Amino acid sequence: MCTLIVNYSQTSSGAHVWLGANRDEELARPSTLPRLDRHEDTAVFAPRDSLAGGTWIGLNQYGVVAAITNRFGLTKQPGHRSRGWVVLDALQESTAVAAAARIAATRADTHNGFHLLVADRRSVSMVWNDGERLQTKLVQPGVHVLTERSLGAGVSERPVWLAGEIDRLKADGMLVESELIKLLQYQNEKAPLEGTCVRMPGGIYGTRSSTIIELTSKNLRFLHAEGAPCVTPYVDLSDDARRVFEAGV
């Protein structure tokens, strides 16, 4: 699973990108907190999956952000390279457009199906692997939702509910961060897996963490909740994240 919400606008000084990402995963799967690291020749700030070594979201020294979800409905091939490395591969590039082109040029049978979002202070792109081919497109300004069932992968209540709530916020003039965070905190009591914040009593699976990254022409904000955001507060890691720019010099 996983849920990505991006609020993207263009201003006279460049793109303004707000990205909220909930990671749904086995609760016992080990991972690290977001940290400054290097992948090949590039400085990155990202959490890491301690088993496969990749990540689900990150930022690089050039101000490129990448985040990924799985794709629903495909049989997982155990011999494929971990999807977490797709994010790190994308973060080798200096622009979101180049990152999307790099990933789109890989073979579809290298990784299991995924949806990748890449952004910088100029543009936002999506790349997805449906198991047979990779496709890419530039994202137009607006609010967009990306889940494991997006881009023709399937139907579920969660993206439909999110789309309705986003339309309501637009109509009410309430498309602000506090309201977008509430969308990331939504629990569905009748069908927990259809909520954005998944918590199941006695379960072994749920929302493990939530990350918010905001890029403007002059600033970066990086918030992280190491747990389900409906019960775990966000911690401001912006100062730590900004060190990625210094590390890349």
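# A tour from strand β4 to the largest pocket

Select Val44 and Asn60 to begin: in strand β5, Asn60 is the bridge partner of Val44. The model is predicted, so local features need pLDDT of at least 70 and side-chain atom pairs count only at pLDDT 80 or more, while totals for chains, interfaces and linings use all residues. Residues are numbered from 1 along each chain as its sequence is written, and side-chain values use heavy atoms, with hydrogens and water left out.

**Stop 1: β4 and its partners**

Select residues 42-49, which make up strand β4. Strands here are DSSP runs of E with at least two residues, helices are runs of H or I with at least four, and both are numbered from the N terminus. Eight of the eight residues in β4 are buried, where buried means under 20% relative accessible area, exposed means over 50%, and partly exposed is in between (1.4 Å probe, protein chains only). Colour the two faces separately: Thr42, Val44, Ala46 and Arg48 are on one side, Ala43, Phe45, Pro47 and Asp49 are on the other, and both sides are covered.

Add residues 57-60, strand β5, which pairs with β4 in the antiparallel sense over two bridges. Two strands count as paired if DSSP finds at least two bridges between them. Then add residues 31-39, strand β3, which is antiparallel to β4 over seven bridges. Ser31 has Asp49 of β4 as its bridge partner. The hairpin formed by β3 and β4 has two residues between the strands, and Glu40 in the turn has a positive phi of about 55°.

Stay on β3 and pick Thr32. Thr32 counts as buried at 19% relative accessibility. Beyond residues up to four places away in sequence, Thr32 touches Pro47, Arg48 and Ser50; contact means heavy atoms within 4.5 Å. Next show the side chains of Arg35, Asp37 and Arg48, which are linked in a network of salt bridges.

**Stop 2: Gln61**

Move to the loop between β5 and β6 and select Gln61. Is Gln61 buried or exposed? Its relative accessible area is 12%, so Gln61 is buried. Leaving aside neighbours within four places in sequence, the contacts of Gln61 are Arg38, Asp41, Thr42, Ala43, Val244, Phe245 and Gly248. A C-alpha to C-alpha distance from Gln61 to Phe45 should read 8.3 Å, with their positions 16 residues apart in sequence.

**Stop 3: the six-stranded sheet**

Now show the open sheet whose six strands run in the order β10-β1-β2-β11-β12-β13, with antiparallel pairing. The edges are β10 (142-147) and β13 (235-236); each has a single partner strand, so one side of each is left without a neighbour in the sheet. At the β13 edge, two bridges join β13 to β12 (residues 220-225), and the two run antiparallel. Leu223 and its bridge partner Asp236 in β13 can be selected there.

Two helices are worth adding. Helix α5 (residues 238-247) lies across β12 and β13, at about 130° to β12. Helix α3 (residues 157-172) lies across β1 (3-11) and β10, at about 165° to β10. Axes are lines fitted to C-alpha atoms, for helices over the stretch in contact, and angles run from 0 to 180 degrees between N-to-C directions.

**Stop 4: salt bridges**

The structure holds 16 salt bridges, each a side-chain nitrogen of Lys or Arg within 4 Å of a carboxyl oxygen of Asp or Glu. Begin with Glu177 and Arg221, whose closest N and O atoms are 2.8 Å apart. Glu177 is in helix α4 (residues 177-184) and Arg221 is in β12, so the pair ties together parts that are 44 residues apart in sequence. Glu177 is partly exposed at 26% relative accessibility, and Arg221 is partly exposed at 22%.

Next select Arg81 and Asp89, which meet in a salt bridge of 2.7 Å, N to O. Arg81 is partly exposed at 33%, whereas Asp89 is buried at 11%.

**Stop 5: the largest pocket**

Finish at the largest pocket, with a volume of about 780 Å³. Which residues are closest to its centre? Of the 35 lining residues, they are Glu25, Asn70, Lys76, Arg83 and Asn112. Strand β2 gives the largest share of the lining, four residues; β2 (14-26) and β6 (65-70) each supply at least two.

On a 1 Å grid over the protein atoms alone, a pocket is an open set of points where a 1.4 Å probe fits, with protein on both sides within 12 Å along at least five of seven lines; lining residues have an atom within 4 Å of a point. Points are joined across faces, edges and corners, and the volume is the space filled by probe spheres set on them.
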